[in-house]
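I sat down with this structure to look up how the strands of one chain are arranged and how the other chain is built overall. My entries follow in the order in which I checked things.

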Amino acid sequence: MRRILAAVLAAGLIAGMTTSMTAPAQAQYPDRPIKMVVPWPAGGDTDNIFRPFAVELQKAIGQPVVVANVGGASGTVGEREAKNAPADGYTLFAGHDYMHLVFYAGMTDISYKDFEPICLISATPSVLTASPKTPWTDWKGLLEDAKKRPGQITVGATLGSTSHIFPALIEKAAGIKFKFVSYEGLATRMNAILGGHIDLTDSNLTQKGKVDAGLLKFIAIASEKRNSEMPTVPTLKELGLDIVFQVVRGIMVPKGAPAPVKAKLNDACGKAANQPSFAEAMKLQGTTVAYLDAARYAKFLDKMDADSKVVMTDLGLIKK
Amino acid sequence: MYELLGQGILTVLQLKYLVPLFLGTLAGVVGGALPGVTITMTIIVILPFTFGLDPLQGLSAMTGVYVGGSAGGLITACLIGIPGTPSAIATTFDGFPMARKGEPGRAVWLGVWASFLGGLLGGAFLILTTGPLAAIALEFGPWEYFSLFVLAMAMVAGLAEASFVKGLIATAIGLLITVIGSDPITSVPRFAFGSAFLNDGFPFLPVLIGIFAFAQIMTDLEKLGHPKPEGTMEGAKSLSVSHLKVIGEILGRPFLLLWSTFVGIVIGVLPAIGGSAANMLAYDQAKKFSRRPEKFGTGIPEGIIASESSNNANVGGSLVTIMAFGIPGDAVTAVMLGAMTIHGIQSGPLFVVQHAGLAYGIYAAYILAHPLMVMIIGVGALFILKITSVRLAVLAPIVLVLCVIGAYALNNTMQAVYVLLLFGVVGYALVKTGFPLAPLILGLILGDQIEINLIRSIMTDDNPWLFITRPISGGLLLCALISVVLAVWQHVRHQKRMAAEADTDF
């Protein structure tokens, strides 16, 4: 009998612990851990950028910030999960430009207007990257080959997202045709390109280590100027393609979050993004810190959305 | 490499990792020893407690559960004659008779030391081959992954005891569950009927908990009130035995030890088969190779050694698959893979290179879990035996409550709990109608991956013959075909033999 009592007590204790963990928000925000939905698989570039940020945000806001990787269907699965979460500030959405693109590609009904911006944190220039098993070493070789074999060179991409649009812009500017294969997120694309199952992909300077080790080839970077970390990689502009393409990432909350919560988040976000340790972590990711507060981020998003519509129309990918 | 391993061991020896590892191993031994509580269930119950820990702490705890559970089952198997987990079924064949003959200590410690040695040999394999296998895994394109998954499903359906057809149907049910919700490539909703809930598909872990833990406990509850088998050793006062002599007995049969370990590792590396098959197969092999097969089942050491060394070696093999390929080796590693994702780690061919510290930390945890397991059983075997006498009427509600909490804690939503309930009922219905659950789980685990890889391969090249003409892919499909033919042949032979035995025996 004593044994039974002890067991029941233990179960009650555990149940009690968990309920207290998830008690409804009544005290001052935040009084429990905050979830940050990253809509891509773990280990990709988005994940690598938001994880160090979550650490800084946690320090600034005084509660654990837990990253949840909700990948799938070009980032729309995580986007939907974040949109449907309660607008109480306990679910953050770690988004980037793909939201505008997949919306116009007709892959989801969710637009950036279903969220409210908190802050923009980073900008990462895209780099056209080739598998070591490809014959060409530079853009010239690639261009010749692509003209000889239209629609044969494979590009791994998250369909409808930035990794699809960036090579598509190159296609259009150079008058060539690639073949796109769905690989969600940079982490899966890396497995595929290292094994030579795809020829090209969009990546960024986070992959510098693999290029130095001869496992990958950088063809060109889509920034205005050459990057000091990789001065040998030419810009697309130098190569005669007028393309500047970077992926910017920021934090949003589901629409309808209370104003004090947003103010608190905006404040904490600003502190976190301007930490020197965050800048240091971003340097490792081939990324620069690009902080905008909520008001300026909102304006930025409006412009980004209009630009995306133009790009998708130009590329003939628009469905909306 | 040895330097990295040394560092890993030093890391895990720190209190902040050693404590979760110890608690995990303890939970594993206890969970493994409790009849009706499987290793999968134990790991599911532990999972939510690891959310707040750092990745290596969480994975250490889970590795501990896995190692401890694979050994814990032998205590009940030897002393009560009921396998604590399915991976200790074959241990009862000789362990229980030996214990009844008055040598309970010898039976238990033969099992413990065989687990220890088999597990460490499995660990050596894990450490030495994960790197090279990961290099091979990089060569796997979408065609090869697709074919590998087909092979895995063919093998698991073939292992189903009841009938091959039921195994195949169960696999298909698992695959169909993954079809519900947005498609993984273009996000088109399927079978969602406009419901936002169905649009997201069924989350994997609640389904797994429902089917494995819930349905299993319900079936066990039906047995409530049935008398326990007679002649149990619950009164055993002492398990003391000369350890040197027992270890000598095991090492005196090097071929048996190595071969059983080998069987365990191979079963572990093959996706989604697991310890319950390893111990039966190793026992069967030991019997076939033995000079005195007729003695098996009467309480001889060979039976215990074969079963226990194989099921712990199997753990090492399963960890290879999850670390090199990012594919779960069985239901336990499926949960571990889920846990890795929760901790932000993408396992796969690049895992060992990119997360060397973590990978070698897991190796170290795996190695260190073995002495911990020996220690825990050494100190607490009789006490653990007392716990196993806790009535199921008490135990079952506790485990059920923990399952529900675990499902809820995944996302802090009630939807996961409803999914758990739904699939608890579905799983129970399937068990009652004689469908095996393992193939269903496999279909569920692999469904999305099969679809994604099929689409990727066709997007890369629209020539369908590539599945056969690419050598690795073709070889894997051929193996799948062979395993189906073998399974059918074995079932036919088995049924004929059953018919013949029925004629002669009575």
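**Strand 1 and its neighbours**

I began with strand 1 of chain A and found that it pairs with strand 2 (residues 65-69) of chain A in the parallel sense over five bridges. Here helices (H or I, at least four residues) and strands (E, at least two) are DSSP runs, numbered from the N terminus, and two strands pair if DSSP finds at least two bridges between them.

I note for the record that this is a predicted model, in which local features need pLDDT of at least 70 and side-chain atom pairs count only at pLDDT 80 or more, while totals for chains, interfaces and linings use all residues. Residues are numbered from 1 along each chain as its sequence is written, and chains are lettered from A and ligands numbered from 1 in the order in which they are written.

I then looked at strand 3 (residues 91-96) of chain A, which pairs with strand 1 of chain A in the parallel sense over three bridges. Val37(A) has Ala68(A) as its bridge partner in strand 2 of chain A, and Phe93(A) as its bridge partner in strand 3 of chain A.

Is strand 1 (residues 34-38) of chain A mostly covered or mostly uncovered? I found five of its five residues buried, that is, with 20 or more other C-beta atoms, placed from the backbone, within 10 Å of a residue's own. Ile34(A), Met36(A) and Val38(A) lie on one side and Lys35(A) and Val37(A) on the other, and both faces are covered. In a regular strand the side chains alternate between the two faces of the sheet.

**The five-stranded sheet**

I next traced an open sheet of five strands in chain A, with the order 7-6-8-5-9 and mixed pairing. Strand 7 (179-182) and strand 9 (217-221) of chain A are at its edges with a single partner strand each, so one side of each has no neighbour in the sheet.

Within chain A, strand 5 (residues 127-130) and strand 8 (residues 200-203) pair in the antiparallel sense over four bridges, and Leu128(A) has Asp202(A) as its bridge partner in strand 8.

**Chain B overall**

I counted 22 helices and two strands in chain B. The C-alpha trace of chain B spans about 65 × 65 × 45 Å along its principal axes. Of its 506 residues, 57% count as buried.

How values were computed:
A residue is buried if 20 or more other C-beta atoms lie within 10 Å of its own, exposed if 12 or fewer, and partly exposed in between; C-beta atoms are placed from the backbone.
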